Amino acid sequence: MRDPLRRAVHRGLELTGLIGPLHRRQERELVRSFASEAVDDQRPMPPAELIVLVAGASGHAWFSERGRADAERFLALAAKHGLTGPLDVWDLGCGCGRIARWAAPEVIAGGGTFHGSDINRRLLDWCAGALPGTYFVNRLTPPVKLAPASIDLVYAYSVLTHLREKGTRAWLAETARTLRPGGIALLTFHDEDYARAWGPAEVPPLLAAQDYVVWNDALEGSNYLSAWTSRAYFTQMAQEHFEVLEIIPGQTDTAVQATAVLKRRA
Ligand SMILES: C[S@@+](CC[C@H](N)C(=O)[O-])C[C@H]1O[C@@H](n2cnc3c(N)ncnc32)[C@H](O)[C@@H]1O
C-alpha cells in the first residue's frame, strides 16, 4: 500500500507544481551532506552546490575520475570512427564541466574549438569563468545558435535521460543538423541493462511494455525526471537522422549509461 500511496502523493505534487520547491529543498539537503574531498587533479573544481545539481551527492573524487574517464572514452570513440586532427566539439548539457574540464583543454590544444551549452545559466557561468572554450545557454527545446554543419563531434552525457520522448527526438534532429557530414554524435541514455541495475524497481517492467518510460514526469530537464528506453527503440529514433555505428550497453558495475555512437550521413 505504501508505494502506491507515495506515488499518488508525488503525482499530486507534480500536477500542482509543488514538486519544484520540494526538489530544490532536497538538493539543498544533498549539498549539506556532500562529502568534500581534497582532490587535486590540476583543474578548477566547481563548488559542491553545482556538482549536486548535475550529479547528486557523488563527491569530488567521483566527479573528477568519472569526468576524466568519460572524456577519454568519448575522444577515443571519435578517433575510432575517423575523427582525428583539429575538431570542432559541442558538449550539449555540459553541466558544470564534468567532462569539459578534461575534453576542452585537449580539443583546444589539438587546434580545435570547444563549445558547451546547457539550460542552466549558473552552471554555464561557472564553466565560462573557469574553463577554456565558449559556453552558451540553450532552451529546453532546439534550435541552438550553432550553424548547420559546423561541428565534428557532439556529445551529451545524461541529458536525453531527463527529457520526454518529444524532447529526445528534437535533440536527435538538432545534433544531426549541426554536424558536418561524417560527424559523430555520442548520446547517452538509460537502456534496459542500466534500468535493471540502477533504476527504480518499477522501471524494468514498465520498459518491457512501453517504448519510452518517463519516471517522475515533471520538471523536464532536471534530474527529478528520468527517461528510460530500450536500445532497440533508441536505435529506431536515431536512424531517422543518423547512421547508427554502435550502441554500447549501459554498464551494470560502474553505472555508465548506454552510449549511442551515431554518424551524420554524408
Ligand atoms: C545529469 S546532468 C549531466 C551534466 C553533464 N553532461 C555531465 O555529464 O556531468 C544533466 C544536464 O543536462 C542539462 N540539460 C537538461 N536538459 C537540457 C537541454 N534540453 N539542453 C541542454 N542542457 C540540458 C541540465 O541542466 C544538466 O546540466
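**View 1. The shell of residues around the ligand.** Welcome to the ligand's surroundings: the shell here is made up of ten nonpolar, seven polar and two charged residues. Keep in mind as you look that this is a predicted model. In this model, 19 residues surround the ligand. The closest ones to look for are Gly 93, Arg 98, Asp 118, Asn 138 and Tyr 157.

**View 2. Polar atoms that meet the ligand.** Start with Arg 98, where a polar atom of the side chain sits 2.9 Å from an oxygen atom of the ligand. For the next two residues, turn to the backbone. A nitrogen atom of the ligand lies 3.0 Å from a backbone N or O atom of Leu 140. At Tyr 157, a polar backbone atom is 2.9 Å from a nitrogen atom of the ligand. How much of the ligand's accessible area does the protein cover? On its own the ligand has 590 Å² of accessible area, and the protein covers 95% of that.

**View 3. Two cysteines without a disulfide.** Here you can meet Cys 94 and Cys 127, whose sulfur atoms are 4.3 Å apart. Why is there no bond between them? A disulfide needs the two sulfurs to be within 2.5 Å, so the sulfur of Cys 94 is too far from that of Cys 127, its closest cysteine sulfur. Looking from the other side, Cys 127 has the sulfur of Cys 94 as its nearest cysteine sulfur, and Cys 127 is in no disulfide. The structure as a whole holds zero disulfides.

**View 4. Buried or exposed cysteines?** Cys 94 counts as buried, at 5% relative accessibility. Cys 127 is buried as well, with a relative accessible area of 0%.

Conventions. Residues numbered from 1 in each chain as written. Predicted model: local features only at pLDDT ≥ 70, side-chain atom pairs only at ≥ 80, totals over all residues. Heavy atoms only, no water. Buried < 20%, exposed > 50% of the residue type's maximum accessible area, 1.4 Å probe, protein only. Near = heavy atom within 4 Å. Polar contact = N/O pair within 3.5 Å; in protein donor to acceptor, adjacent residues only side chain to side chain. Areas by Shrake-Rupley, 256 points an atom, 1.4 Å probe, with all protein chains shown as cover. Nonpolar A, V, L, I, M, F, W, Y, C, P; charged D, E, K, R; others polar.
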